[in-house]
Amino acid sequence: MLYNAAIGGMCVIPGRRWRAYLDTIPYSGYPRRFRRRTPDSPRREVHVSRFLRSIVTLVAGFAMLAVLSPAPQASANMVRTLRYDASRAAEFRGVIDQAAQIWNSSVRNVRLVAGTPADFIVYADNGWPRAQPTSLGRGYVWIGRQATSQGHNPLRISTHEIGHILGMPDRRTGRCTDLMSGASAGTSCTNPNPSAAERAEVDRYFAGWLAPKVQFNQLHVDQSLETVK
Ligand SMILES: [Zn+2]
C-alpha cells in the first residue's frame, strides 16, 4: 500500500531525478514496466537527491495518514436509533415524547424516535409503573396510574421506565438527583433527568463498553415504598 502510493507519487516527477530514484531499487523489486533492459548489476547505488527524499517521505506520510485515520463518521455511526410506540399510552403519550427528548439530550449513543416497528412499546394501565426489558433498547413499559394517582410525577416515571429499557436497574437510593432511585425519592421529587453517572452508564452500554446491569425478561415493578406492606 505504502509502496504503491510512493510509486504513484513518483510518477509526477519527471526526468533525471525520477531515474535516479529508480536506480536505488533492486531491479527485481521494480514493477515489470519500470525494469531496464540491460541491468549491469542487480543493485546500483545512485545518489538520491534531498528533494526526492522529502517527496517520498511526504507521499508515504499521507498514505500512512489515510490508512491510520479513523473515518470522520465513525462516532456518528455508533449512535443507535430506537423506535418507540406510545400510541397505546393514552394520556401519557405526550409525556413519553418529552421523556424521549430528555434522553436524547442526555446521552450521545442512543437516539429515541417515535415510530414502528417499535423497539419498545409503552402502555398505560391502572397498575404500578413497570418495565420489562427484553434486550438492550427493547421491551415493554407500562405507565401505571396507581403511582400517578398517589402524586408521583408522570415525567419522572416515564424517564425512569425508559431507563430500564436503556439497560439500568432500580437503585432505591432515596436520592432525588438519581433517576433510577424511582419512587424511593418520594412524591415530592419531580426530577426527570438522569444524573451524570447514569448518563455515562447508558452511553457505555450502547458503546459496548459495559454489560447492561438490568435483568432482561423480568418485570421491574416500581411500587411506592410506603405502600409495600
Ligand atoms: Zn424501576
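Student: Over how many bridges do β4 and β6 pair, and is the sense parallel or antiparallel?

Tutor: This is a predicted model, in which local features need pLDDT of at least 70, side-chain atom pairs count only at pLDDT 80 or more, and totals for chains, interfaces and linings use all residues. Residues are numbered from 1 along each chain as its sequence is written. Helices (H or I, at least four residues) and strands (E, at least two) are DSSP runs numbered from the N terminus, and two strands pair if DSSP finds at least two bridges between them. Ala131 stands opposite His220 in β6, and β4 and β6 pair over two bridges, in a sense that is antiparallel.

Student: In what order do the six strands stand in the open sheet, and which are the edge strands?

Tutor: The pairing in this open sheet is mixed, and its order reads β2-β1-β3-β5-β4-β6. Two strands pair on one side only, and these edge strands are β2 (110-114) and β6 (220-221).

Student: Which residue of the turn in the β4 and β5 hairpin has a positive phi?

Tutor: The two strands run antiparallel and are joined by five bridges, with Pro133 having Gly139 as its bridge partner in β5. Two residues lie between the strands of this hairpin, and the one in the turn with a positive phi, about 90°, is Gly137.

Student: Which residue is the bridge partner of Tyr123 in β5?

Tutor: Strand β3 (residues 120-125) pairs with strand β5 (residues 138-144) in the parallel sense, and six bridges connect them. Within β5, the bridge partner of Tyr123 is Trp142.

Student: What angle does the direction of helix α7 make with that of β5?

Tutor: Helix α7 (residues 154-165) packs on the sheet, where it touches β3, β4 (130-135), β5 and β6; a contact here requires C-beta atoms, placed from the backbone, within 7 Å of each other. Axes are lines fitted to C-alpha atoms, for helices over the stretch in contact, and angles between N-to-C directions run from 0 to 180 degrees. On that scale, the directions of α7 and β5 make an angle of about 160°.

Student: What arc around the axis of α5 do its buried residues cover?

Tutor: A residue is buried if 20 or more other C-beta atoms lie within 10 Å of its own, exposed if 12 or fewer, and partly exposed in between, with C-beta atoms placed from the backbone. By this count, Val95, Ile96, Ala99, Ala100, Ile102 and Trp103 are buried in α5. They lie on the same side of the helix because, taking directions from the helix axis to the C-beta atoms, they cover an arc of only 155°.

Student: Which residues on the other side of α5 are exposed?

Tutor: The buried residues of α5 pack against β1 (80-88), β2, β3 and α7. On the other side of the helix, the exposed residues include Gln101 and Ser105.

Student: Which element gives the largest share of the largest nonpolar core?

Tutor: A nonpolar core is a set of buried Ala, Val, Leu, Ile, Met, Phe, Trp, Tyr and Cys residues joined through C-beta atoms within 7 Å. The largest one has 36 residues, of which Ile96, Trp103, Val110, Val141 and Ile143 touch the most other members. At least two residues come from each of β1, α5, β2, β3, β5, α7 and α8, and the largest share, six residues, comes from α5.

Student: Is Glu198 buried or exposed?

Tutor: Glu198 belongs to helix α8 (residues 196-207), and, beyond residues up to four places away in sequence, it touches Met168, Asp178, Leu179 and Met180. Its C-alpha is 8.1 Å from that of Met168, although the two are 30 residues apart in sequence. Because 22 other C-beta atoms lie within 10 Å, Glu198 is buried.

Student: Which peptide bond involving Pro117 is cis?

Tutor: Pro117 is located in the loop between β2 and β3. With omega near 0°, the cis peptide bond is the one from Thr116 to Pro117.

Student: How many C-beta neighbours does Asn217 have inside 10 Å?

Tutor: Asn217 lies in the loop between α8 and β6 and has a positive phi of about 60° although it is not a glycine. Asn217 counts as exposed because its C-beta neighbours inside 10 Å number 9.

Definitions and conventions: Contact = placed C-beta atoms within 7 Å.
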